[in-house]
Amino acid sequence: MKSILRIALAMTAIAAGAFCADNTLGTWKLNPEKSKTPAGQSKITSLTVVREASGDGVKVTVKGEREDKSKIDVSYTAKYDGKDVAVMGTGLPYDTVAIKQVDDNTLTDVRSKKGGKYKGSGRFAVSKDGKTATLTTKGMGEDGKPFSGTTAHDKQ
């Protein structure tokens, strides 16, 4: 009986680890005062990111505006498997993204532009209290120059 109980507990622990919670889900609003735009890009003045559970992945919708009045309106649905998916819409310099879940509060991604020079990576980390998140990005821009930036977000 003890061995059956041990096996059941071990399987429960494995299943819990395989299905991590995702504290990145929800609606996030950009805090422009705490954000640093990469050099050469128009500053984002407003941005709302909605992250919803979708099967064993996430559906992401992003809407906002830059200082030059250009609009950001994109969406994608991806699994946390690190495989490229198409980013639909306008306003961002990439058209594919691949995401992985590091832990309950952290995601990493790789972004690229098919047929272009843009290649970047990001790390989205939610604070322990769940009220804020920081996205740090770095990579090579479409102009062939390296970039880095940080955006701060408040949970809505």
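The sheet architecture, the enclosed cavity and the surroundings of one strand residue are described here for a predicted model.

Eleven strands make up an open sheet with antiparallel pairing, arranged in the order β5-β7-β8-β9-β10-β11-β1-β2-β3-β4-β6. The edges are occupied by β5 (85–86) and β6 (88–90); each has a single partner strand, so one side of each lacks a neighbour in the sheet. Within this arrangement, strand β8 (residues 106–112) runs antiparallel to strand β9 (residues 119–126), and the two are joined by seven bridges. Asp109 has Gly122 of β9 as its bridge partner.

One cavity of 30 Å³ or more is present in the structure. The volume of the largest cavity is about 600 Å³. Its lining comprises 37 residues, and those nearest the centre are Tyr94, Arg111, Leu135, Thr137 and Thr151. Two or more lining residues are contributed by each of β2, β3 (57–66), β4 (71–79), β7 (96–103), β8, β9, β10 (132–140) and β11 (146–155). Of these elements, β11 supplies the largest share, with five residues. Classified by residue type, the lining consists of 20 nonpolar, ten polar and seven charged residues.

Glu52 is located in strand β2 (residues 44–54). The relative accessible area of Glu52 is 37%, and this residue is therefore partly exposed, the limits of that class being 20% and 50%. Beyond its neighbours within four places in sequence, Glu52 contacts Leu25, Gly57, Val58 and Lys59. Thr27 is separated from Glu52 by 25 residues in sequence, with a C-alpha to C-alpha distance of 8.5 Å.

Methods. Residues are numbered from 1 along each chain as its sequence is written. This is a predicted model: local features need pLDDT of at least 70, side-chain atom pairs count only at pLDDT 80 or more; totals for chains, interfaces and linings use all residues. Side-chain values use heavy atoms; hydrogens and water are left out. Helices (H or I, at least four residues) and strands (E, at least two) are DSSP runs, numbered from the N terminus. Buried means under 20% relative accessible area, exposed over 50%, partly exposed in between (1.4 Å probe, protein chains only). Contact means heavy atoms within 4.5 Å. Two strands pair if DSSP finds at least two bridges between them. On a 1 Å grid over the protein atoms alone, a cavity is a set of points where a 1.4 Å probe fits but cannot get out, and a pocket is an open set with protein on both sides within 12 Å along at least five of seven lines; lining residues have an atom within 4 Å of a point. Grid points are joined across faces, edges and corners, and a volume is the space filled by probe spheres set on the points. Ala, Val, Leu, Ile, Met, Phe, Trp, Tyr, Cys and Pro count as nonpolar, Asp, Glu, Lys and Arg as charged, and the others, Gly among them, as polar.
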